[in-house]
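Colleague: Show me the model, please. I want to check each label against its cut-off.

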Amino acid sequence: MPDGVGARARGVRARVAHWRDWRSRHVRAARVVWWTATVASAVLVLGALLLPNRLFALHTSQFLRLPGEAIIGAALVLALPRRPRVALAALAGTVLGAVTILNVLDMQFVEYLGRDFNVVLDWTLLSDAQSYVADTLGGAVAVAASIGLALLVVLVLFVMAAATVRLSNLLVRDTRRATRGTLIAGTAWITCSVLGLQIAGGPIASDRVAGTIASEAGRVRDTLKDEAEFGKVARSDTFGATPAAQLLPDLRGKDVVFTFIESYGRSAIEDAGMAPGVDETLATRTAALTKAGFSAKSGWLTSATYGGSSWLGHSTTLSGLWVDTQQRYRTVMASDHLSLTKAFRKSGAWDTVGIMPGVQKGWPEAKFYGLDKVYNAFEMGYQGPKFSWSTMPDQYALEAFQRLEHGRAGRDKPLMSEIILTSSHQPWAPIPKMVGWDDLGDGSVFKGIEAAGQKASDVIADSAKSKAEYGKSIQYSVTALTEWLERYGTEDTVLVFLGDHQPISRVSGNNASRDVPVSIVAKDPKVLDKISSWNWTDGLRPAHDAPVWKMSSFRDRFLTAYGSTPHPSKG
């Protein structure tokens with residue numbers, strides 16, 4: 001070895017030795033560091049073993065339990081030689097870190113979507129979450145959040161592995177005392193379990209991690225099983241073989257508009273914090289439509305989704321299938337199942353169009369929905385500002401629909417339309433305001449309104465503000481839609497509008513139902529006479545005791561009410 005290289009190597013070894021020897025030179029500081037690291041490791045491991053997967057369960061008593069997994073782990077560590085012990089401890093810590101991440105994901109999914117995270121299906125939703133953050137708080141924040149989240153995941157896995165290895169090393173320093181402590185803890189755990197002893201309403205003897213792993217395994221098994229079974233269901237269709245002439249004969253000649261209002265849930269109408277404003281709007285708009293010659297009937301549908309994943313609500317309503325997971329959605333979209341909107345196209349009696357201001361990329365789903373033409377966010381001529389996630393105000397989207405399709409002269413067929421309104425999408429800030437319909441232009445009129453509105457960052461984490469602004473957004477969307485109908489509707493216009501899901505639990509509450517309002521509005525009395533047996537409420541506000549149906553039942557009820565003849569197809 002050359003003298004220069006050897007000298008450098010000796011210098012490096014000397015510096016390493018000097019660093020390692022710091023404990024003998026700084027005894028008190030070393031003792032503080034040792035105790036801090038040890039206590040932190042114990043807190044992290046015990047905290048992870050007892051961490052619940054619900055935000056409302058995060059209270060001190062949850063962490064005053066005896067985790068059985070820690071006792072079993074200690075017994076295994078004491079029985080193994082060094083290398084297998086370290087490997088097992090590192091593996092256990094990594095698994096514990098992964099379980100911690102899953103618990104946190106469950107908390108967030110319950111908060112926003114009303115269900116647990118699915119390890120098979122839900123990874124694709126993380127990219128949607130990133131897009132939502134980018135649209136709401138800006139691209140730089142989204143990128144920083146993604147990088148920070150990735151680093152945090154790696155850090156959690158590494159720190160938990162290091163913590164379990166440290167605790168395992170601590171145990172084997174005095175095997176006799178550690179063995180005695182493990183036996184005592186095991187006896188206490190068994191005693192508490194047999195006697196059912198509890199603290200703050202929960203068992204003292206905890207097996208949360210084992211339960212979480214078993215639950216996740218069961219969910220994976222059920223997901224894979226459901227995929228195969230649902231494929232068979234999707235291939236079977238009550239109206240799949242119905243001839244074109246026997247589809248929707250009682251709506252021939254009508255312009256039918258199906259409209260989904262984002263996050264328009266039962267809470268908007270019945271929650272004390274939001275209902276007064278929304279109910280007043282519904283009453284006002286009912287009166288205005290009545291004056292214009294329209295009548296309405298309303299009921300409730302139980303959505304297949306909650307808090308988000310609007311496309312699941314759309315596909316459930318229009319397919320007649322219960323589409324409550326991303327896998328089911330993919331299966332339905334790839335099938336030949338007859339969607340309600342496609343039934344209009346199959347009949348040959350309607351042109352079909354989609355108005356999709358929330359779509360900003362390719363949308364192959366248009367084929368399943370049977371839409372001849374789809375207008376996305378970039379095809380409606382809008383030059384105004386975005387309103388957080390929403391690419392344009394609902395009023396502008398509706399006016400663009402009128403200009404591009406509904407009001408177009410020379411059409412030789414009536415029009416069936418599917419419209420997705422987005423102004424009531426979270427975070428509900430800023431919210432558009434109604435302007436004169438003749439003043440909409442290219443949307444530039446909204447620049448001042450957007451600039452004067454609240455910032456998403458000021459509303460998104462505040463429950464009271466979120467609830468108040470959510471209510472205002474629903475009032476805006478309902479007003480825009482019904483004013484459009486009042487202004488442009490004819491004797492032959494039939495409007496069907498509904499919510500896709502309830503808002504997130506921070507707004508609707510932890511125990512809110514999944515119900516959403518649905519209304520049918522028309523001038524021709526024969527249209528509403530066809531659904532008189534449904535016992536829906538007159539007007540735009542469904543009564544509390546109005547009928548509640550599963551959202552998946554709407555397609556068949558609607559097709560049947562308007563004269564369609566069932567001809568089942570078998571998959």
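**Labels and cut-offs**

Colleague: Why is Glu-379 called partly exposed?

Modeller: Its relative accessible area is 36%. Buried means under 20%, exposed means over 50%, and partly exposed is in between (1.4 Å probe, protein chains only). The value for Glu-379 falls in between, so the label is partly exposed.

Colleague: What stands behind these values?

Modeller: This is a predicted model: local features need pLDDT of at least 70, side-chain atom pairs count only at pLDDT 80 or more, and totals for chains, interfaces and linings use all residues. Residues are numbered from 1 along each chain as its sequence is written, and side-chain values use heavy atoms, without hydrogens and water.

Colleague: How do you know that Lys-373 and Glu-379 form a salt bridge?

Modeller: Their side chains meet at 3.8 Å, N to O. The rule asks for a side-chain nitrogen of Lys or Arg within 4 Å of a carboxyl oxygen of Asp or Glu. The pair passes, so it is a salt bridge. Lys-373 is partly exposed as well, at 34%.

Colleague: How many salt bridges are there in total?

Modeller: The structure holds 21. One of them joins Arg-541 to Asp-279, with the closest N and O atoms 3.2 Å apart.

Colleague: What makes that pair a tie between separate parts of the chain?

Modeller: Arg-541 lies in the loop between β12 (537-538) and β13 (548-550), and Asp-279 in helix α11 (residues 275-291), so the bridge ties together parts that are 262 residues apart in sequence. Helices (H or I, at least four residues) and strands (E, at least two) are DSSP runs, numbered from the N terminus.

Colleague: Why is Asp-279 called buried, when its partner Arg-541 is partly exposed?

Modeller: Asp-279 has 19% relative accessible area, which puts it under the buried limit. Arg-541 has 31% and lands in the partly exposed range.

Colleague: What makes Arg-487 and Asp-438 a salt bridge?

Modeller: The N to O distance is 2.6 Å, so the cut-off is met. This pair also links distant parts of the chain. Arg-487 is in helix α19 (residues 463-488), Asp-438 is in the loop between β9 (415-421) and α17, and they are 49 residues apart. Arg-487 is partly exposed at 38%, whereas Asp-438 is exposed at 66%.

Colleague: Which residues do shared partners join into one network?

Modeller: Asp-351, Glu-405, Arg-408 and Arg-411.

**Rings**

Colleague: How many aromatic pairs does the structure hold?

Modeller: It holds 17. Take Phe-258 and Phe-344: centres 5.7 Å apart, planes at 70°.

Colleague: Why is that pair called edge-to-face?

Modeller: Rings of Phe, Tyr and Trp (its six-membered ring) pair if their centres lie within 6.5 Å; planes under 30 degrees apart count as stacked, over 60 as edge-to-face and the rest as tilted. The distance passes and the angle is over the edge-to-face limit, so the label follows. Phe-258 sits in strand β5 (residues 255-261) and Phe-344 in helix α14 (residues 340-347), 86 residues apart. Both count as buried: Phe-258 at 2%, Phe-344 at 0%.

Colleague: What makes Trp-534 and Trp-536 a tilted pair?

Modeller: The centres are 4.9 Å apart and the planes 55°. That angle is neither stacked nor edge-to-face, so tilted remains. Trp-534 is buried at 8% and Trp-536 at 6%. These two rings belong to one aromatic cluster with Phe-258, Phe-344, Trp-350, Trp-549, Phe-554, Phe-558 and Tyr-562.

Colleague: How do you know that the charged end of Arg-557 sits over the ring of Trp-549?

Modeller: It lies 4.0 Å from the ring centre. The rule wants NZ of Lys or CZ of Arg within 6 Å of the centre and within 35 degrees of the ring normal. Lys-550 lies over the face of Trp-322 too, at 4.1 Å.

**Surface**

Colleague: Why does Leu-195 count as exposed?

Modeller: Its relative accessibility is 57%, which is over the exposed limit. Leu-195 is found in helix α8 (residues 175-195).

Colleague: What share of the whole protein is buried?

Modeller: Of its 571 residues, 48% count as buried.
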